[in-house]
Amino acid sequence: MKNFTVYRVGDIRITKITEQIFRTLTVSQLYPDATSALLKSLTGATEVTQDSAVEMSIHSWLVETPHCRLLIDTASGNLKDRPFSSLFHQLHSPWMENLILAGVRPSEIDYVLHTHLHVDHVGWNTVLSGDHWVPTFVNATYVCSNAEMAFYESPAAASRMMVFDDSILPVRDAGQLEVIANQGGQFLPGIKFHPTPGHSPGHMSISIESGNEIALFCGDVMHSPLQVAFSDWNSMFCGQQLAARKSRKRLLEQACLDRTTVFTSHFTESSVGRVTEAQGRYNWEFI
Ligand SMILES: [Zn+2]
Ligand SMILES: [Zn+2]
């Protein structure tokens, strides 16, 4: 039996369901704003240079409340054609085995909440049945923002339509997709969507409050702890530069509040931590 770290936030249990870990991008590729002078100013991280590989994880979060079971994002999925990236193309990852080892069958998932609809966040939405993609979580309501859906109707999405066609359309056609307004707000008691656009047009962070504590799921507002220290660094994947910076600052302010634990989408190690602020710089600490 595999050992999973289970985080408890009030009455809820949160478990990471890992798909893969990769080191294909350097600091300067992932963060075009990175300079060696800025990296040297990071106390305790002098070994990090512009040429260092950034280790990143792709995973989902399983959230079990006393009332329901949720997934936050669904990683990249297996057997999907992704000619634009070998990281996602025709995978055979153990993500589903990991979910089941964590004690939950797909039919027991009540909600799939999406921070956004990028390729590495929607893949396990569907699985192959014969030659058709069908919803993996047959009893779940899948949720995303209106702006994320609208993006797939724009010309900018042309190169990613295969992601929409195999991972989102089958869910919508099955009547299992709920699209929420771009201003976010409360979705279920204690569960809120917070607009954090910029990385993608309708990106949402998600907070879940229980027993006077808060779990904050930041999605792709940041990809590694370097973006906590250097909160104005966008990643190469951020679509709207100014909005992405603004959203990151707002999220870090929110993350600094007492009782808040941050669950990231791409940090490695535990992928979980706390944010503090001192002398105008934010600091990340893994827990
Ligand atoms: Zn993304
Ligand atoms: Zn991502």
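Me: Axes are lines fitted to C-alpha atoms, and angles run from 0 to 180 degrees between N-to-C directions. What angle does helix H9 make with strand S13?

Reply: This is a predicted model. In it, H9 runs at about 160° to S13. The helix lies across S12, S13, S14, S15 and S16.

Me: How do you know that the length of H9 fits its number of residues?

Reply: H9 covers residues 241-255, which makes 15 residues. The expected span is 1.5 Å times one less than that number, so H9 should span 21 Å. Its end C-alpha atoms are 21 Å apart, and therefore the two values agree.

Me: What makes a residue of H9 count as buried, and which ones do?

Reply: A residue is buried if 20 or more other C-beta atoms lie within 10 Å of its own. In H9, Ala-244, Ser-247, Arg-248, Leu-251, Leu-252 and Ala-255 are buried.

Me: Why are these residues said to be on the same side of H9?

Reply: They cover an arc of only 135° around the axis, which puts them on the same side. In general, an α-helix has 3.6 residues a turn, so residues three or four places apart point the same way.

Me: What covers the buried residues of H9?

Reply: The cover includes five strands and a helix. The strands are S12 (204-210), S13 (213-219), S14 (260-264), S15 (272-278) and S16 (281-286). The helix is H8 (226-229).

Me: Why is S13 called largely enclosed?

Reply: Six of its seven residues are buried, so the rest of the structure largely encloses S13.

Me: What makes S12 and S13 a pair?

Reply: Two strands pair if there are at least two bridges between them. S12 and S13 have five, in the antiparallel sense. Ile-206 stands opposite Phe-217 in S13, and Glu-209 has Ile-214 as its bridge partner there. The hairpin of S12 and S13 has two residues between the strands, and Gly-211 takes a positive phi near 50° in it.

Me: In what sense do S13 and S14 pair, parallel or antiparallel?

Reply: S13 and S14 pair in the parallel sense, over five bridges. Phe-217 has Phe-263 in S14 as its bridge partner.

Me: What makes the sheet with S13 mixed and open, and why are S10 and S16 called its edges?

Reply: Its seven strands run in the order S10-S11-S12-S13-S14-S15-S16, and the pairing is mixed. S12 and S13 pair antiparallel, whereas S13 and S14 pair parallel. S10 (185-188) and S16 each have a single partner strand, so one side of each is left without a neighbour in the sheet. Neighbouring strands here are turned by 30° against each other on average, direction ignored.

Me: What is the order of the other open sheet, which holds S1 and S9?

Reply: Seven strands form it, in the order S1-S2-S3-S4-S5-S8-S9, with mixed pairing. S1 (6-9) and S9 (177-180) are the edge strands, each pairing on one side only. The average turn between neighbouring strands of this sheet is 25°, direction ignored. Four bridges join S8 (residues 141-145) to S9, and these strands run parallel. Cys-144 stands opposite Val-179 in S9.

Me: Which residues touch the most other members of the largest nonpolar core?

Reply: They are Val-63, Ile-72, Val-112, Ala-215, Leu-216 and Phe-217, out of 54 residues in this core. The largest share, five residues, comes from S13. A second, separate core has nine residues, including Tyr-31, Ala-34, Leu-39 and Phe-230.

Key:
Residues are numbered from 1 along each chain as its sequence is written. Chains are lettered from A and ligands numbered from 1 in the order in which they are written. This is a predicted model: local features need pLDDT of at least 70, side-chain atom pairs count only at pLDDT 80 or more; totals for chains, interfaces and linings use all residues. A residue is buried if 20 or more other C-beta atoms lie within 10 Å of its own, exposed if 12 or fewer, and partly exposed in between; C-beta atoms are placed from the backbone. The arc is that of the directions from the helix axis to the C-beta atoms. Two residues are in contact if their C-beta atoms, placed from the backbone, lie within 7 Å. A nonpolar core is a set of buried Ala, Val, Leu, Ile, Met, Phe, Trp, Tyr and Cys residues joined through C-beta atoms within 7 Å.
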